Every structure is written in C-alpha cells, then in structure tokens.
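User: Hi! I have a structure here that I would like to walk through with you, one question at a time.

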Amino acid sequence: MATATVAHHETEVHDHHDHEHHDSFITKYIFSTDHKMIAKQFLITGIFWAIIGGLLSTLFRLQLGFPEMNLEFLRPLLGGWIDEAGKLDPTFYLALVTMHGTIMVFFVLTAGLSGTFSNFLIPLQIGARDMASGFMNMLSYWFFFLSSVIMFISLFIKTGPAGGGWVVYPPLSALEQAIPGSGLGMTLWLISMTFFIVSSLLGGINYITTVINLRTKGMSFSRLPLTIWAFFLTAVIGLLSFPVLFAAALLLVFDRSFGTSFYLADIYVAGEALPNTGGSPVLFQHLFWFLGHPEVYIVLLPALGITSEVIATNSRKPIFGYKAMVISLLGITVLSFIVWAHHMFVSGMNPFLGSIFMFLTLIIAVPSAVKVFNYLTTLWRGNLIFTPAMLFSIALVSFFISGGLTGIFLGNSAIDIQLHDTYFVVAHFHLVMGSASFFGMMAGIYHWFPKMFGRMMDAKLGYIHFWLTFVGVYLVFFPMHYIGIAGFPRRYYSWTNFEFSNTYTDLNMFVHPGHGNWPGEIPTVYRWPYDYSKPGAAQDFIPQTVPLSQTPESNLPHEQELVKVELEIMKDEAEVLVANESKH
Amino acid sequence: MYGFLIGVGVVLLLSLVWMVFRIQTLVSVVKGSDKKIATGSNKVNALLFVLFLVGSGILMFWYSIKEFDNYQLPLASEHGVITDQLFWITTAVTGVVFLITHVLLFLFPYMYQYKEGRKASFYPENHKLEIIWTAVPGVVMAGLVISGWMAWSDITAPAPEKAHVVEIMGYQFAWDVRYPGKDNVLGDYDYRLINASNSHGIDFSDKNSLDDFPSPKVVIPKGEPVLFKIRARDVLHSVYAPHMRLKMDAVPGMPTRFWFVPTKTTEEMRAELKDPNFEYEIACTEICGRGHFSMKKVIEVVEPAAYQKWLAEQKSFIQQNPALAEGINPESKELAGIQLGDSNK
C-alpha cells in the first residue's frame, strides 16, 4: 500500500511538474527567482508606495485648498507637525512635497512600473524561460525593498524627511542649518536612493541581457512587440543615466559629511560664514538633470509600450507604423540624453547653452508627435472593444497630447523665463509624465491581470474606476495651467503674501504559467506581433507562433519570400531533431 | 460613537455595492452575455468619450474666455511684450493641434466601436503619411524655435552700458537691495565680512563701495534699461518679478544678472488696473526653506526725473553707519569723509 502511494505520487510529480522546482514558501514567495513572482512583488510594493505618495499629496492639497482650515484632526497622524493653532508646519509642507515627488517618480513610476512589467512581460513576450539571471533579478527587488524601508523610516524621524524638493538642490540639501530636513532625513534619502540605483542597475542589466540574448527562434528585433522595445530602451536609458545620479549623490555626501566644496561656495548661514569656497550649485543641477530628464522617459516609455500593445489588441488592428514607432522610441532615447539643461534655463548657466538646449529639446517633439499620430491611425477604422485597459490607454494618449503640447512652451527658453517653476510646470509634468505613466500602468494591470493572477476582474468596476480617475485627473491638473499663466510659483505654502497671487486663489480652493514559462519545447516565432484583422485570415488575430507557411491565404506579397526561407530553416531543424533523437 | 456609526454605515454601503455587482455578474452569466465579446457597456463607453469631448471642450473654452483677465498678468517690461507674444503664438499653434487630435481621439472610439461581423481594416503602414507627419511638426517646431531663440538672444544679450545697476541679494527669507551710488559701480563684497551691521558683506576698503546705499525697496526708472545683479548669501533663491516677465536664480558663489526695460510706472499701472494698492513684486521661485513662500520685495517704477530725485536723497551705508568706515585705509577714509561732507551741505 505504502509503495503504491509513493509510486503514484512520483508519477504525478513527473507528469505535472516537468520543469517546476520544489519551492518552499520562502523561495516561492519571498526570495523568488521567478520573474513572474518578482514582477508581482514590484507591483505590490509599487501599489503600497502609490497609496503613501497619494496620501501625502492629499495633505498638502488640503493646506492649499483650505488655508484657513483647522487641521487638528490630523494630529494623531502628524503629531508635532500640526502647530498649536491647528496649522500645518511650513517646513513639513515642503517635506510633503519632496517626498511626494521622490516616491511617485522613483518608487511608483520607475520601480512599480518598469519593475512590474519589464519583469513580467520580457521573458513571456520574447519566449524565454526566465530572465538572464534570476538571482540578480531577485537582488534587484530586495535592494528596492531595502531602499523602500529606509525611505519609509525617514518619514517618521523627528526632524522630518528630506525637504529640499525632489531635485534636492544643494546648498539647501547640504545644510542642516538651512532646513531641518537636510539633517538625518536627507542622509536617509541619500542612502535609500543609493540602494534604489543599485536595484535599477541590477534590473536594467538583466532586462537588456535578456532581450538581446534570450529571444526565441525567429524572434528577431524587427518582430519584437513594442512593449519589449520600450522596456529594452528604458533599461538602456536607466543603465546610462542612473550612475550619474549616483555620482551627484556621492559628491553631495562628501559635501555634507567630509567638508568638501563640490557644490558649496561663499555661504553665510545661521550667523556663520562657512569655509567652503569654489564649488558650484549649478554643477549639481547638471548632474542631477542628466539623470532627471532621461528619468521622465524611464517613466514614460514603458507606459507607451504597454499602450501600443493594448490599443492594437483592442482595436483588432496592427499597430500603425511599427517601424516608425520603433524609430521614434530610439529617437526619444537618444535625444533624452541631450536635453537635460532645459530644466536650467534660468539657473544662471550661460545663455548660449540655453539656446543649444532649446533647439535639442524642441526636436524631441517630433518623434513624440509621430507616436500620437500613429496611435490615432491605429484606432481609425478599427473594431474597438473598450476593456478597462483600452480606456486607460486612450486616456494616456490624451494626457500625452495635453502634457506634451505644454512642453513646447517650457522648452522654449524665452517663454520659460515666465513659466519656469510656476504651476504651469506642475500641470505639464503631472499630465505628460505623472498621469500618462500612471494610466499606462493601470492599462497594464487591467490588461495582464488575468495572466498574472489567473482570475478575471470585474469590467464594470473598471469602467467606474476609469471614468472617475480620468475626469478627476483633468479636473485636478488642467486648472493648474491657468494659475501657472497667472504666475503662481511652485512649492508655496500659501499665496496670500503676494498681491499677484492673492487675487486668483479660488482655483486652488476646489479643489499562470509555472516557473520556466513553457512546458516542453520553447515556442518559435514566425511573424511580427500585430497580425490583427489580416485580410484573408479566418481569425482576427494570428499569433506569432503560427508559421507563415501555414497561412498562405493571408500572406502579404513580401511575406511569400519569407515563407521559402522559413521552410528551409524548418527542414534543417527537423533534421537536427531527428539526429538528436537517434542519438538517444 | 458617531465615528463608529459612520464606519458601520460605510461598510454596509460598500457591501451593498458589492452585492449589486455580484448579482449583476450572476445575471449576466445566466443570460450568457458574459460570453459576448462586447457588451452594452461598449456602447456606453464609446458615447462617454464623445460626451467628455463636448463637455470638457465647452468647459475649457467657457472658462478660458470668462477668466481671461484674471489669469492674464499685467505686463510692464519691453521684452515681456515679445515673450508674451511668443506665448500666445505657441498657444494658438498647440491649441489647434490639441483640438484636432482630441476630436479624433474621442470621436474614433465612437465611430469605430465594436460591431459584430465587421472586420477591422488591416492597415499596418503608409510611408507617405509618416513622412508628412514627421516633416510638418518638424517645420512648425523650427519656426517656433527660431523665433524663441531670437527673443532669448536679445533678452540675454549684455546689458547696455548706461543701464541702472541694482544688486539684489537673496537670503533666508528676504531680499536685500543695494544701489551702486553715483559711480554706478557696486563695491566689492566678501561673504566673510558679513556681520550684524554689514549684512551684504560689503568690502569698504574698495573705493567703489563708499557711495553704495541700501534701499528697502527696488526703485527703478521707467523707459530706461535696468540691470539686476543677483546673488545669494546662503542657499539657492530665484528672483521672480512676474509683471516684468523676469526670472533668474540667485546662486551662492556665482553672481547672475538680468536686464530689462520697465514700461509702466507703478502709478500708471494703478490707474490702468483701477487698483490704488497695486505694487510690482518680487517673489522667490527656487525652493529655499521654511519661508520660501514669503520672500517679498516691492519694486517701484517711477518717472526718470523722480528717479534722479530719489537717488539724490539716498544716504550711503557709511553715512547711515559711520562705524562701517572704521579700519579702512586713510585715503579711502578721506574719500568717505568728503562724501559725508558733500551730503551735509
């Protein structure tokens, strides 16, 4: 009896767990090397951070929307940051703004978005068993986790978290005397970001290696889904720019702790002249934005990739201009590295440099415009199915247009003089980078949730979610253009001190596959990913794994040529297979 | 207690909503409509896009027109006329693109919503189209860039020699103003000289500093070029004079500058706006700490004659506080003395 049970158990294992490892709880759910589990870990951590980041923004919008309000009820949460009169502390207001920016840009839209979908989709969409290095992938998540823990702790320390803006410009971020958040809070910020950079690099190297080396048979670069192109290029941008942020942060650490003067010069603060001379705060701005600007594309490109996929699928049409889309992505990638100083037109740098960066910046509008037109043409004469993911994708295109167009104002240095650091900028990047990327993430979650978790979500709840969020985003961020044009500066605790900003405050007031992915032979790719509604085809979609030779009725003229090549390759492979089998 | 009751109420409400959805889902399973590719919701969503387009479009136009005078800042500098013009040209160009793309983006979902039996058109590429919509934005952008670049070069060109110099120094959390006096040259400064009586760190051993004088507000003449020499004492600040369309960071260790020509006196602007309390203002637009939102300085633009009169009335640092002249070399002291004598006449 006993032997029979064991034997039965063994066959069962053999049958159903072909490639599966025997995972314990810890190796399956915690220190997992399965890209799909790591993706879920990133997703859940990202959701956690999105809630925290959103909550912080609610707090400071409460201050702006209802400046007279008694915030005593927040004391259980914020303690001493609510003063005796029930008002929010102005220093803590700045800390809230800073942490909101840091959390949203890095922890939600970089780690939460790229981390989730690059991990989940790259091996599945290129036909790989897993990432090139599952171990590095695991390390990537756990460095991110460590970084998250440190950043989270910094929210609760006595002197408050970093408060010098998410861009942490020195000298403010270097001098504890200037703002209390630049003490321990800033130290934790720097440590946390260092781990974050390590995590990004480990992830990025993995994504790049995987895409280059582990594509399945037939999956040439010209057949890669646009999601993969986007993730690949995002990883390249990250790999090249994050080390520069690390360098900037390292020099800042030296200035803060070891008495160097990279960024500090001629400072008299808190009744004392500091010994530092010869440094330049503008140097930090150059280094920071050398990451900072590519960073917005790190945030945006994955969202654009996801959208391309979702729109093509739910239009039942091939994405229009696949090659143009890839070239645009490449163009954006290259240009993203040579536009950084458009954040610094009025920083005091040489105006000639300003002219150069204005030219380069406005060029980037062209590939962006091409992408928008291609999305529109993909919708044109489609057979559109409005899944929640599709709705979020269409809204993304809308935000990309709205926010992208205001970029043309800000990239023009002459116009930027007035608009720089006003709410116009806030409106611009919350639409084009914040909301667009967030909606790309939502689209991804809705689209691939069934594949990730093996369950369906209720579409109707999704519709309600979408329409409330979509209308809400426009109601929150569109009016910011008006107050921006009216000249309201950013990061202001209150506007009543100035006449020019005192008269127009009303607008602020309302304010399941197993580990290893495929059992048996890994699939071969024979065509591009977007054969939707192909003329002559019986179904409205032909998967990439269907050979061209099997669909003579729908092949296009140039594909007939490929059929011959394909048949030869298949013949060769069949011979190899036969040879291999005879060896056994 | 109320909190608890409200909590219970919210939980009940949420469970009710959940129940309704659950029932609806079960009904659709029974009806078999969950197997359909597109349910009635597809039509609703398609229609909502059109409603959103029309609704938000009306709201945007209505609000933009109604509130125009409120969000449009009065303008009082020469270069501001050009940058404002560029702003509105860019608004017109991008506005057209914004409208066309959004009309298409929200109408297509309605026009091409799922219909059973219809097949989407297989339309993967059209090189001609691609070239057109790469070239057209390219040309338009070139136009915008070149006009912007020309304006930018003029604005950032060196100031005319006769420009009136005003030094603005940012510190936590205010601005200090220094005028160069009769010689129109500011004296040297060194941050190590800063103390309670010398907040600017002026080096009084430099002859040019002897006639420098402070002022509680920035007074400048209308119609003549003014050069702001900008510096910071502790952290980054940014001089922002919204009505002058002027903004430049104040950087510790690196003096910056911005020159402009004011076109309307404070009085003229008060009359124009019918606001007897109107003042030109300077605000800070680079995050600098707790008091970032309150770094205010008033600019007073006056007629050139009134400006000369005001200049003549001002007392230099040394006249206000002779102790500052202590410890400087005799020759300079003599000069300072002469000045003291001058103004005593």
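User: Where is the place of K182(B) in chain B?

Analyst: Happy to help, and please keep in mind that this is a predicted model. In chain B, β2 covers 174-179 and β3 covers 213-215. K182(B) falls in the loop between β2 and β3.

User: Is K182(B) buried, partly exposed or exposed?

Analyst: Let's go by its neighbours: 15 other C-beta atoms lie within 10 Å of K182(B). A buried residue would need 20 or more, and an exposed one would have 12 or fewer. With its 15, K182(B) is therefore partly exposed.

User: Which strands of the open sheet in chain B stand at the edges?

Analyst: The sheet is open and has 5 strands with mixed pairing, in the order β3-β2-β1-β5-β8 of chain B. An edge strand here has a single partner, so one of its sides is left without a neighbour in the sheet. That describes β3 and β8 (256-260) of chain B.

User: Which residue in β8(B) does K229(B) stand opposite?

Analyst: Strand β5 of chain B spans residues 226-232 and pairs with β8(B) in the antiparallel sense over 5 bridges. In β8(B), the residue opposite K229(B) is R257(B).

User: Which helix gives the largest share of the side of chain A that touches chain B?

Analyst: The contact involves 98 residues of chain A and 89 residues of chain B. On the chain A side, 9 residues come from one helix, spanning residues 388-410, and this is the largest share. By class, that side has 64 nonpolar, 23 polar and 11 charged residues. The helix you asked about is α13 of chain A.

How values were computed
Residues numbered from 1 in each chain as written. Chains lettered and ligands numbered in written order. Predicted model: local features only at pLDDT ≥ 70, side-chain atom pairs only at ≥ 80, totals over all residues. Helix = DSSP H or I, 4+ residues; strand = E, 2+ residues; numbered from the N terminus. Contact = placed C-beta atoms within 7 Å. Nonpolar A, V, L, I, M, F, W, Y, C, P; charged D, E, K, R; others polar. Pairing = 2+ DSSP bridges.
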